[in-house]
Amino acid sequence: MKRCVWAGVFLYIFVSFDLVAAGLSVSTFSFQSGSTRQAGQRGSGIGISSQSLGVTGLHISDISFASWSDPVPSANSVLQVIALPSATHVLAPALIGRVLNFPNPFSFSADGKTEIGYRLSADMDIEIRIYNLVGQEMANWRIPAGEEGGDDRYNKVTIDRATFNGRALSAGVYYYVLIYQGQILGKGKMMVVP
Amino acid sequence: MKRLPIFRSLCILSSFGFLALLPSLTHAEPVFNAADALGTSAQMIALGQSEGWDGSSQGLFENPAALAGVKDWSIASFYTSLLFDEVKYLSVSAAYRLSVGVIAVGRLVTQLDGLESTVLSGVKEFEPAGTFAYQHAVSKIGYQISPAEHLHVGVAATHIYTQLRDVIGHGLNLDAGFLWEMRPFSWSVSAKNILPFQNQVYSNGGVEDLPLHVATGLNVRFWELEAMAQLKTRESQLLKSVAARLSPSLFSGVMSFSGGVYEEAVLDRKNWRYGVGVGLNLRGLRLHYAYSPSQVYSQAQHHYFSMNLGL
């Protein structure tokens, strides 16, 4: 079988589909040996099913690869699949995948900061709350739909001294909670080191 | 043992207590994040964070002079889980009356597992790259004596250990306090971290101030009711609290009801909060339950239980 060259470690696969259940997910899986495609080639049959995407109720009708180049992955290379909506579909508001912060741990010294990253399925009004380990609320703010943090893509929200009125948080662990229309979309833990 | 005149002792100790309030209102950031902000017993939470009145071994965490309430021995424990039940919070203590004074040891631990380190993926998104843990432990050893009939003083040495993934922090300091009791009045003054140049020092070179916390409160008993008012310093702010405890004679001293409101400092803000609770005293076994509303979204309430056993 013809050997092909894949795009770095990760590739985008754009999937248009009929939405049966609300919500999508970001998923990783291993390549099956022999799953190959040419650059620009479109079509299904690469061996990716809705189950392998980690979601159910989706019908994958078309797959295309955005681009690829060196290096050549092995048969067990890990591919991150990000299911994105086509222009003709409207998704229910949801968090896709997980919310994480990078770096973690981080320090406020030398203008240090961390970023909370998450993907949304649609433009959404998001509220973020941060708590210390005894449940005291350290910060609370809202992000309008369509702005960074409330956009229908991967969002990154910066946490730095400005988040806390110019103050640095003490060393320890803090929770962040993402809220949409009264529901917790996701939560995570960030560690501050001195 | 020669006893100091009560009046002179009170003057010295109260001067110390009130002068200590002043520097405790200013400090450089960042300051060490004390885990005892929650309270160290259900009784303390039910009394609106009013501290210094716990006559069990748990008094070691509030005011070491309060150990005067230990008759022969005491053991106490407080456990709760916070923040989606992921954060474990435990304090245990024990006290024993010697021929002169009371000695006590205690430990307070906050623990959390499953924190995720992250990396930046090839598509500039964040991915988990392993897990690590957090632990914070405060160990205390204290001693209390009563230099006069109505006057109790106590000191406690504190060691603070913090594990932040691979960064380890240690700190040492001292607490001191006095308790003056003359029915129907009690007056408590306690100061934590009284050594000014002792910091929390981390293995990565980081240093945090161990802030001086001072609390002074008055307790007055009217018939079956105790009323408490307190001032304390936290996060550079002066915080107030008032509380009451009712021990109806109807229940022969077995059951008591508590409630209190208090100010809480979070960064530059102050919030008013409250706690209520009930206590049972069953021949030396004391059980306390407290309720305090949670600030954490979708977690409307928190319930706390603590117990102490002593003779």
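**Exercise 1.** Determine in what order the 4 strands of the open sheet that contains strand 8 of chain A are arranged.

*Solution.* Step 1: the order is 8-7-10-11 in chain A, and the pairing is antiparallel. A strand here is a DSSP run of E of at least two residues, numbered from the N terminus, and two strands pair if DSSP finds at least two bridges between them. Step 2: the edges are held by strand 8 (137-143) and strand 11 (183-192) of chain A; each has a single partner strand, so one side of each lacks a neighbour in the sheet. Step 3: from one strand to the next, the twist averages 15 degrees, where axes are lines fitted to C-alpha atoms and angles run from 0 to 180 degrees between N-to-C directions.

The model is predicted: local features need pLDDT of at least 70 and side-chain atom pairs count only at pLDDT 80 or more, whereas totals for chains, interfaces and linings use all residues. Residues are numbered from 1 along each chain as its sequence is written, while chains are lettered from A and ligands numbered from 1 in the order in which they are written.

**Exercise 2.** State how many bridges join strand 7 to strand 8 of chain A, and find the bridge partner of Glu127(A) in strand 8.

*Solution.* Step 1: strand 7 (residues 126-131) runs antiparallel to strand 8 of chain A, and 6 bridges join them. Step 2: Glu127(A) has Arg142(A) as its bridge partner.

**Exercise 3.** Describe the open sheet of 3 strands in chain A.

*Solution.* Step 1: its order is 5-6-9, with antiparallel pairing. Step 2: strand 5 (95-102) and strand 9 (154-159) of chain A stand at the edges. Step 3: strand 6 (residues 114-120) pairs with strand 9 of chain A over 6 bridges; Thr114(A) has Ile159(A) of strand 9 as its bridge partner.
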